[in-house]
Amino acid sequence: MLSRVRALAAPRPHLRHHTALMLWRLAGLVCLIGMSLSLCAGCLSPAVSTELTASDAPTVITTEPRTLRVGQSANATPIVMDVFGTGDDTVLVLGGVHGDEPTGAAVARQVAAYLKQHHAQLVGRTVAIIAEVNPDGLQAGTRANARGVDLNRNYPSSDWRRGKRGRLSHGTGPASEPETRAVVRAIELIQPKRIIDIHSIKRGHHCNNYDGPGAALAAVLAECNGYAVEPSIGYATPGCVGSWTGIDLRIPTITLELPRDLDAMACWQENGTALLAFVQAGPPTTLAAK
Ligand SMILES: [Zn+2]
């Protein structure tokens, strides 16, 4: 248990005495006491050079499910993560990275609402959900964050590069944006064994896109939603979440591209089973053994 608590609570040295982290550590003890968990601390060490600021430090908001504030947007809107369960099989669900793709956020919220009612999904599992990675963009209906940066080009991947002149910015550097750092922090805390990031795209291009060792998981989704399995979205996406977590960190990563002409409820009806299959799918070794 303590290794798990340490893994979740491990602060950067300069934040060791920060009040928020102390609260997080205490809440982690309360939430996890009695659980026999042994998540491998240190199996994920994102190569992020960005310094955490005080506003990046996680704060516990509720304890059941745990709702954590993992950062804040450029306009100081809290970025929150709901965490269900405490098991070793750790899953991260992201939505609302692009503010003009609100169905991704809505479907991520539906996953959270479902898990609140169906605890059997959580046996041996931890599911963390950030439904609104880009709250300012969702509020404004813009792809970018409030600083004009495309967050799905801002992750600290080895292929990060500056945006082209006249196009949306990729940020001043890898993880230059507070929303990106919130996701980085979430991944450090949860150490997910698989990740799904829910977007939307023009019909005909909708698909189960995967990066890194994610092909088998994309196939699991495809069996349920009928969307194509695509190793590439068809254009370069340097600095996207899949480049970082999938290709660099070797965490199976899915970018679920919903057809943009479907409303949120239709998206959930079409993808709910697929998303729950994703949640239930074990890590790649388990998947391969099935
Ligand atoms: Zn998108």
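Okay, helix α3, residues 102-117. In this predicted model, how far apart are the end C-alpha atoms of α3? They sit 23 Å apart. Now check that against what you'd expect: at 1.5 Å a residue, the 16 residues of α3 should span 22 Å, so the two values agree.

Next, which residues of α3 are buried? There's a run from Thr 103 through Gly 104, Ala 105, Ala 106 and Val 107 to Ala 108, and then Gln 110, Val 111, Ala 112 and Leu 115.

Let's stay with Ala 108 for a moment. Leaving out residues up to four places away in sequence, Ala 108 touches Val 93, Leu 94, Gly 95, Gly 96, Ile 129, Ala 131 and Ile 198. Keep those names in mind, as several come back when we get to the strands. Ala 108 also belongs to the largest nonpolar core, which has 61 residues. The members that touch the most other members are Leu 94, Ala 108, Ile 129, Ile 130, Ala 186 and Phe 278.

So, on to strand β4, residues 89-95. Is β4 enclosed or open? Seven of its seven residues are buried, so the strand is largely enclosed by the rest of the structure. Look at the two faces on your screen. On one side you have Asp 89, Val 91, Val 93 and Gly 95, and on the other Thr 90, Leu 92 and Leu 94, and both faces are covered.

Who are the neighbours? β4 runs parallel to strand β5, residues 125-130, with six bridges joining them. If you want one pair to click on, take Thr 90, whose bridge partner in β5 is Thr 126. Then there's strand β6, residues 194-201, which also pairs with β4 in the parallel sense, over five bridges. Here the pair to find is Gly 95, standing opposite Ile 198. Remember, Gly 95 and Ile 198 are both among the residues that Ala 108 touches.

Now put the helix back in. β4, α3 and β5 together make a β-α-β unit, and what's its handedness? Right-handed.

Moving along to strand β3, residues 78-84. Six of the seven residues of β3 are buried, so this strand too is largely enclosed by the rest of the structure. β3 pairs with β5 in the antiparallel sense, over three bridges. Asp 82 is the one to look for, since it stands opposite Ile 129 of β5. And Ile 129 is one of those core residues that touch the most other members.

β3 has another partner: strand β2, residues 66-72, which runs antiparallel to it and is joined by six bridges. Gly 71 in β2 has Ile 79 in β3 as its bridge partner. These two strands form a hairpin with five residues between them.

That hairpin has a quirk in its turn. Ala 76, in the loop between β2 and β3, has a positive phi of about 70° although it is not a glycine. Is Ala 76 buried or exposed? Exposed, because it has 11 C-beta neighbours inside 10 Å, and the cut-off for exposed is 12 or fewer.

Compare Gln 191. It also has a positive phi, about 50°, without being a glycine, and you'll find it in the loop between α5 and β6. But Gln 191 is buried, with 23 other C-beta atoms within 10 Å.

Two more loop residues. Asp 263 lies between β9 and α8, and with 11 C-beta neighbours inside 10 Å it counts as exposed. How far is its C-alpha atom from that of Ala 106, back in our helix? They're separated by 9.4 Å, with their positions 157 residues apart along the chain. Then Gly 173, in the loop between α4 and α5, is partly exposed, with 13 other C-beta atoms within 10 Å. Its C-alpha atom is 8.2 Å from that of Pro 156, which is 17 residues away in sequence.

Last, let's zoom out. The protein has nine helices and nine strands, and 49% of its 290 residues count as buried. Taking contacts with a separation of 6 or more, 72% are between residues 24 or more positions apart.

And how confident is the prediction? The mean pLDDT is 83, and 77% of the residues reach 70 or more. Where does pLDDT stay under 50? Over residues 1-50, for which the model has 70 contacts beyond four places in sequence.

Terms used. Residues numbered from 1 in each chain as written. Predicted model: local features only at pLDDT ≥ 70, side-chain atom pairs only at ≥ 80, totals over all residues. pLDDT = per-residue confidence, 0-100. Contact = placed C-beta atoms within 7 Å. Core = buried A, V, L, I, M, F, W, Y, C linked by C-beta atoms within 7 Å. Buried ≥ 20, exposed ≤ 12 C-beta atoms within 10 Å, placed from the backbone. Helix = DSSP H or I, 4+ residues; strand = E, 2+ residues; numbered from the N terminus. Expected span 1.5 Å × (residues − 1). Pairing = 2+ DSSP bridges. Right-handed = clockwise from strand over helix to strand, strands pointing away.
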